[in-house]
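Me: I am new to this one, so please take me through it step by step.

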Amino acid sequence: MRVYAGDQYQAYSAGIEPKGQILPDVLTVMKERGLDLSNQRSKGVEEYLGKAHFACVITVCGDAEENCPAVFLNMGKHEHWPFNDPAKFEGSDDERLQRVHEVRDQIDQRVLQWIEEQDKESKVP
């Protein structure tokens, strides 16, 4: 979101069961796109409870949709984008990495679509 929309939107990320670090496969596929996330950490939704109001909350996997605190889902606009969770991928290193690439690319395209939708909505008289 930050790459494509710059300062147009503030993007936050949080999970239902954060592990404190970003998955190595995710770090790898994002670095391929020129994004170094090595200084980032996974955060839990509780870090934002009572501290922030979001105009739009987007859940990106089934567990998040089912378990996200209702306070977030009742804020502004809510969308669910059903992507597979890379933390649950099994198989060889190459197979997991390929699946993470696929999810990265799917999210990439969905973010671009979302930004386009927001731009169209903001131009409606």
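**A first look around**

Me: How much of the accessible surface of the protein chain belongs to carbon and sulfur atoms?
Reply: The accessible surface of the protein chain comes to about 8,600 Å², by the Shrake-Rupley method with a 1.4 Å probe, where for residues only the protein chains shown count as cover. The share that belongs to carbon and sulfur atoms is 49%.

Me: Where in the protein chain is confidence lowest?
Reply: This is a predicted model, where local features need pLDDT of at least 70 and side-chain atom pairs count only at pLDDT 80 or more, while totals for chains, interfaces and linings use all residues. Residues are numbered from 1 along each chain as its sequence is written, and side-chain values use heavy atoms, leaving out hydrogens and water. The protein chain averages a pLDDT (the predictor's confidence in each residue, from 0 to 100) of 86, and 89% of the residues score at least 70. Confidence is highest in helix 2, at 94, and lowest, at a mean of 61, in helix 4 (residues 70-73).

Me: In what pattern does the protein chain run along the sequence?
Reply: Helices (H or I, at least four residues) and strands (E, at least two) are DSSP runs, numbered from the N terminus. The protein chain has 5 helices and 2 strands. Read along the sequence, they follow the pattern α-α-β-α-α-β-α.

Me: What percentage of the residues in the protein chain is buried?
Reply: Buried means under 20% relative accessible area, exposed over 50%, and partly exposed in between (1.4 Å probe, protein chains only). The protein chain has 125 residues, and the buried ones make up 26%.

**The core**

Me: Which helix gives the most to the largest nonpolar core?
Reply: The largest nonpolar core (buried Ala, Val, Leu, Ile, Met, Phe, Trp, Tyr and Cys residues joined through side-chain atoms within 4.5 Å) has 13 residues, and V26, W81, V100 and I115 have the most contacts inside it. Helix 2 and helix 5 each supply at least two residues of this core. With 5 residues, the helix that gives the most is helix 5.

Me: Which residues does V100 contact, leaving aside neighbours within four places in sequence?
Reply: V100 is one of the residues with the most contacts inside the core. Contact here means heavy atoms within 4.5 Å. Beyond its sequence neighbours, V100 is in contact with D25, V26, V29, P86 and F89.

**Charged pairs**

Me: How many residues apart are D25 and R96, which meet in a salt bridge?
Reply: A salt bridge is a side-chain nitrogen of Lys or Arg within 4 Å of a carboxyl oxygen of Asp or Glu. The side chains of D25 and R96 meet in one at 3.5 Å, N to O. The pair links distant parts of the chain, D25 in helix 2 (residues 24-31) and R96 in helix 5 (residues 93-123), and their separation is 71 residues.

Me: Is D93 buried or exposed?
Reply: D93 also pairs with R96, in a salt bridge of 2.9 Å, N to O. Both lie in helix 5, 3 residues apart, about one turn of the helix. R96 is partly exposed because its relative accessible area is 23%. D93 has a relative accessible area of 54%, so D93 is exposed.

Me: How far apart are the closest N and O atoms of E47 and R41?
Reply: E47 is partly exposed at 30% relative accessibility, and R41 is partly exposed at 43%. They form a salt bridge, and their closest N and O atoms lie apart by 2.8 Å.

Me: Which backbone oxygen does the side chain of R104 reach?
Reply: R104 lies in helix 5 and is linked with E32, R33, D105 and D108 in a network of salt bridges. R104 counts as buried because its relative accessible area is 12%. At 2.7 Å, its side chain reaches the backbone oxygen of V29.

**A buried glutamate**

Me: With which side chain does E79 make a polar contact?
Reply: E79 sits in strand 2 (residues 77-80) and counts as buried because its relative accessibility is 12%. Leaving aside neighbours within four places in sequence, its contacts include V57, I58, T59 and W114. A polar contact is a pair of N or O atoms within 3.5 Å; within protein, one must be able to donate a hydrogen and the other to accept it, and residues adjacent in sequence count only if both atoms are side-chain atoms. At 3.2 Å, the side chain of E79 makes one with that of R110.
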